[in-house]
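Here are some exercises to work through with the model open beside you. Try each task before you read its solution.

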Amino acid sequence: MNSQVLTPEELEKCKEAFDAFDKDTSGGIDPEELRTVLKFMGQEPSEEEIYRMISEVDEGNTGTITWESFRAMIEKQKLEKGGDDESDTLDAYVAMGGNPDGSGCVEAQRLIHVIKNEFGMTIDIEKLIQEVDTDGSGEIEYDEFKTLLSSTQLMY
């Protein structure tokens with residue numbers, strides 16, 4: 001994994017956590033030490049998750065995780081969490097009237113109402129919808145919805 005996945009601050013925090021819980025300075029963390037490290041980092045893994053994490057990165061079948069393996073595991077988790085944005089987008093799409101599989105559509109007028117009246121946002125939602133509703137149907141399909149939500153103009 002590329003260490004650029006983690007910011008320098010995250011990398012430093014990971015290294016500090018690893019070193020703090022490698023009590024015998026063996027260069028490896030066992031399952032109980034891993035649980036403590038992850039709790040320190042704000043996670044609550046189950047027993048099954050702990051052993052799965054170790055088995056995924058423990059190439060030597062030692063039952064421990066080295067610093068390099070630990071960093072790779074944290075980077076992988078961060079990358080997988082990146083997928084949450086897609087899940088959040090789909091949840092928003094469904095909440096607006098689309099289907100859980102990404103099919104269906106969101107009525108543009110409903111979206112305008114929610115953005116302006118329920119959320120009180122002052123963005124020019126009509127203009128944004130016009131830009132993403134390429135077929136002019138007044139119905140926002142999932143790909144159009146994703147484009148709309150990713151618009152930097154929605155951030156302001």
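**Exercise 1. Find what share of the chain's contacts between residues at least 6 apart in sequence join residues at least 24 apart, then describe the fold's elements.**

Step 1. Take contact as heavy atoms within 4.5 Å. Among contacts in the protein chain between residues at least 6 apart in sequence, 51% join residues at least 24 apart.

Step 2. A word on the input: this is a predicted model, where local features need pLDDT of at least 70 and side-chain atom pairs count only at pLDDT 80 or more, while totals for chains, interfaces and linings use all residues. Residues are numbered from 1 along each chain as its sequence is written, and side-chain values use heavy atoms, with hydrogens and water left out.

Step 3. Now the elements: helices (H or I, at least four residues) and strands (E, at least two) are DSSP runs, numbered from the N terminus. The protein chain has 8 helices and 4 strands, in the order α-β-α-α-β-α-α-β-α-α-β-α.

Step 4. For burial, use relative accessible area: buried is under 20%, exposed over 50%, and partly exposed in between (1.4 Å probe, protein chains only). Of the 156 residues, 33% count as buried.

**Exercise 2. Work out how the salt bridges of D19, R35 and E75 sit in their helices.**

Step 1. Side chains of opposite charge can pair when their charged atoms come close. The criterion here is a side-chain nitrogen of Lys or Arg within 4 Å of a carboxyl oxygen of Asp or Glu. The structure holds 7 such salt bridges.

Step 2. Start with D19 and K15, whose closest N and O atoms are 3.0 Å apart. These two lie 4 residues apart in helix α1 (residues 8-21), so about one helical turn separates them. D19 is partly exposed at 41%, and K15 is partly exposed at 30%.

Step 3. Move to R35 and E32, joined at 3.7 Å from N to O. Their spacing is 3 residues in helix α2 (residues 31-40), again about one helical turn. R35 is buried at 13%, whereas E32 is partly exposed at 48%. Both belong to a network of salt bridges that also links E47.

Step 4. Finish with E75 and R71, which meet at 3.5 Å from N to O. They are 4 residues apart in helix α4 (residues 67-81), about one helical turn. E75 is buried, with 0% relative accessibility.

**Exercise 3. Determine which residues of α7 are buried, and how α6 packs against α7.**

Step 1. In helix α7 (residues 125-132), the buried residues are I125, L128, I129 and V132. Because they cover an arc of only 100 degrees around the axis (taken from the directions from the helix axis to the C-beta atoms), they lie on the same side of α7.

Step 2. Helix α6 (residues 108-118) packs on α7 at an angle of about 145 degrees, with the axes 10 Å apart. Axes are lines fitted to C-alpha atoms, for helices over the stretch in contact, and angles run from 0 to 180 degrees between N-to-C directions.

Step 3. Now list the contacts: A108, L111, I112, I115 and K116 in α6 meet I125, E126 and I129 in α7. By class, the contact has 6 nonpolar, no polar and 2 charged residues.

Step 4. Look closer at I125, which is buried at 1%. Leaving out residues up to four places away in sequence, I125 touches I112, I115, K116 and L148.

Technical notes. Ala, Val, Leu, Ile, Met, Phe, Trp, Tyr, Cys and Pro count as nonpolar, Asp, Glu, Lys and Arg as charged, and the others, Gly among them, as polar.
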